[in-house]
Amino acid sequence: MTDQSQGPLYIGFDLSTQQLKAIVISSSLDVLLEEHLTFSEDLPRYGTKNGILTDDSEKAVFAPVAMWLEAIDVLMDRLRDNGVDLSRVAGISGAGQQHGSVYWSKQAEPLLASLDPMKTLVDQLSPGAFSNQTSPNWQDSSTTQECHEFDIFFPGGPQELAEVTGSKAHHRFTGPQILHFLRKHPEEYSQTARISLVSSFLASVFLCKVAPIDIGDAGGMNLWDIHNNQWHPPLLALASSADSPTTEPSNVDHLSTLLGSVHTDPSASLGPIGAYWTNRYSIPAACQIQPFTGDNPATLLPIPLAPLDAIISLGTSTTFLMNTPSYLPSPSYHLSPHPTIPNSYMFMLCYKNGSLAREQVAKALSPEPTAPPNWPLFTSAVLSNPLTPTPPSPIKIGLYFPLPEIIPPLPSLTARYTYDPFNKSLTTSTWPPATDAPALLASQLLSLRLRSAPLLAASNALTPKRIYLAGGAANNRAVWKMVREIIGGEDGVWVFGDEVGGNAGALGAAGRACWGCEGRGMGWEGWLRGRWGGDLMGGRRVRRVEEGWDRAVWERWSEGVRGLEMVEGELLRKERVARESPGLD
Ligand code: XUL
């Protein structure tokens, strides 16, 4: 690690689906070191593929908690062996894949409090500290029944659930997951002393006691009452009753004890680091553990986001994030408390299908069937065949879902249609593989535009101000061009510099660790803008790749939005018919 100064260091962790990552920064938010470990490659003995295990018969997706503990052991050793002076670490924070739950046993607190610095975490905590040895992953779909119960719980259905908790019920959300665990493993549930999210699990390991859940991550549970800033007792009753929901006070009290309090003061430390870390790695006893939040809320943090700035993350999943002061809930998207700005919210769309679909289309462009994805061909296929609508000519709309999708809720499928804007009609179509590339990007971006429109409209806007791209596909100029055409961006399309790149969650967490220690009492945005200085207008941390939107081109894509809505409606109808009459094809 190259760092001449002797100032404090801050570490941000990110426990994502495939990797555990750490970023070390200085007080000026300069990245000094990035280190990571990939679960399936570095810890093959857990047998995961891309960091997860699956049980297809139940559509269950989960990860071994022991694997995460061992990953922390290995990563901390790597930081020390790479020359990070751990005796200078003043603060630590982190991010975790959202919604996953970790079930601590009754032995957890005493085990955490008495960790022996001569031994590893995994040897001391696994299996004894857990009543469930695995944690459900966000790709899990085993909770259809429980989601139904959440969605019909309020007289106003999914809309009312979204008004109370920020989201309608989703398979991966923690409330339905807890209810599923309680039904499937009542004995293990009765042995549970505390429930953490993945983010608060990681914080607990550094605190050496069970940490509170962060306000930003509580919004991904269908249990947190956003208006009243507290757990919602009737929803706790629903999540903790194997049969019909009961307001039996003992059930509600029990689950609220398992979940513990939520940490609502964003810059207040959770407390000093546990003695294990001081004794094993010489981290100072005064090092503060700052709140750990979900990976999406943490992705809002590495750059100063103005209201109506958007981040589109094009990674394994596709997510669209915005920081908004308006609470305008809808079953079509998620709102959750902003992790560092009181009375602001994170708007989020989350799709399962992202890079896998793009890779499949890019592979099909090579004449050789086993060839890897051909990105130059993919890019030129998009740029030479942009599909920009010229109303009233027909528009090609393709949906490519190698995985069952969340938005809209459809099974794995590929569908190609031509939409005629004049007659408002659809016909199924075929076209050459080179047309799939622009059709795929267009449908992914049209869906983001369709679903973010109500929130933008609430602020009298048609398009976000700046659009920042993150994730693997963010460096593709065909993507930049289509984002500008379809979504717009008054102040253009931007990409993160290498420092932010694919590390947004870990870097956001590292910055939060620094803020908690050096900016306590200062508002997050003002503090962050101050530390960024001149980089804000485009410097080494962010770079503009497309000018501000072309409204006329953007208007032409409005017909594409209508076409996409019609295609989705048609597929959802077919899916409903197939489900209701399984014998018919
Ligand atoms: C968000 C979601 C995913 C995970 C990825 O709701 O489920 O983006 O957070 O780790």
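# Cavities, pockets and ligand site

The count comes to 5 cavities of 30 Å³ or more. The structure is a predicted model. The ligand sits in the second largest pocket, and the protein buries 95% of the 290 Å² that the ligand exposes when taken alone. Two cis peptide bonds and one positive phi value are described at the end, for Ser126 and Pro127, Ile407 and Pro408, and Asn50.

**Ligand site**

- The shell around the ligand consists of Gln97, Gln98, His99, Trp138, Arg172, Asp295, Asn296, Ser317, Thr319, Met348 and Cys350.
- By class, this shell holds 3 nonpolar, 6 polar and 2 charged residues.
- A ligand oxygen atom lies 2.6 Å from an N or O atom in the side chain of His99.
- For Asn296, an N or O atom of the side chain is 3.0 Å from an oxygen atom of the ligand.
- At Gln98 the partner is a polar backbone atom, 3.1 Å from an oxygen atom of the ligand.
- The ligand, taken alone, exposes 290 Å², and 95% of that area is buried by the protein.
- Helix H14 (295-299) and strand E20 (345-351) are the elements that give two or more residues to the shell around the ligand.

**Second largest pocket**

- The pocket in which the ligand sits has a volume of about 1,000 Å³.
- Its lining comprises 42 residues, and Ser16, Ser313, Gly315, Thr316 and Ser317 lie nearest the centre.
- Ser317 also belongs to the residues around the ligand.
- At least two lining residues come from each of strand E2 (19-25), helix H1 (39-42), H14, strand E17 (310-314), E20, H15, helix H16 (375-384) and helix H19 (504-518).
- The lining of the second largest pocket divides into 11 nonpolar, 25 polar and 6 charged residues.

**Largest pocket**

- The largest pocket has a volume of about 1,700 Å³.
- Of the 48 residues that line the largest pocket, Ser141, Lys352, Pro404, Glu405 and Ile406 lie nearest its centre.
- The elements that give two or more residues to this lining are strand E4 (53-55), strand E5 (60-64), helix H5 (144-151), helix H15 (355-364) and helix H22 (558-580).
- By class, the lining of the largest pocket contains 19 nonpolar, 15 polar and 14 charged residues.

**Largest cavity**

- Rolling a probe the size of a water molecule over the atoms shows where empty space is left.
- The volume of the largest cavity is about 130 Å³.
- This cavity is lined by 15 residues, with Tyr351, Phe401, Ser443, Gln444 and Ser447 nearest its centre.
- E21, helix H17 (433-458) and H22 each supply at least two residues of the lining, and H17 gives the most, with 4 residues.
- The lining of the largest cavity has 8 nonpolar, 5 polar and 2 charged residues.

**Backbone geometry**

- Most residues other than glycine have a negative phi, and most peptide bonds are trans.
- Ser126 and Pro127 are joined by a cis peptide bond with an omega of about 5°; Pro127 is placed in the loop between helix H4 (121-125) and strand E8 (134-136).
- A cis peptide bond also joins Ile407 and Pro408, with an omega of about -10°; Pro408 is placed in the loop between strand E21 (395-401) and strand E22 (413-420).
- Asn50 is not a glycine, yet has a positive phi of about 50°; Asn50 lies in the loop between H1 and E4.

Note on methods. Residues numbered from 1 in each chain as written. Predicted model: local features only at pLDDT ≥ 70, side-chain atom pairs only at ≥ 80, totals over all residues. Heavy atoms only, no water. Near = heavy atom within 4 Å. Polar contact = N/O pair within 3.5 Å; in protein donor to acceptor, adjacent residues only side chain to side chain. Areas by Shrake-Rupley, 256 points an atom, 1.4 Å probe, with all protein chains shown as cover. 1 Å grid on protein atoms, 1.4 Å probe; cavity = no way out; pocket = protein on both sides within 12 Å on 5 of 7 lines; lining within 4 Å. Sits in = over half its atoms within 2 Å of the grid points. Nonpolar A, V, L, I, M, F, W, Y, C, P; charged D, E, K, R; others polar. Points joined across faces, edges and corners; volume = space filled by probe spheres on them.
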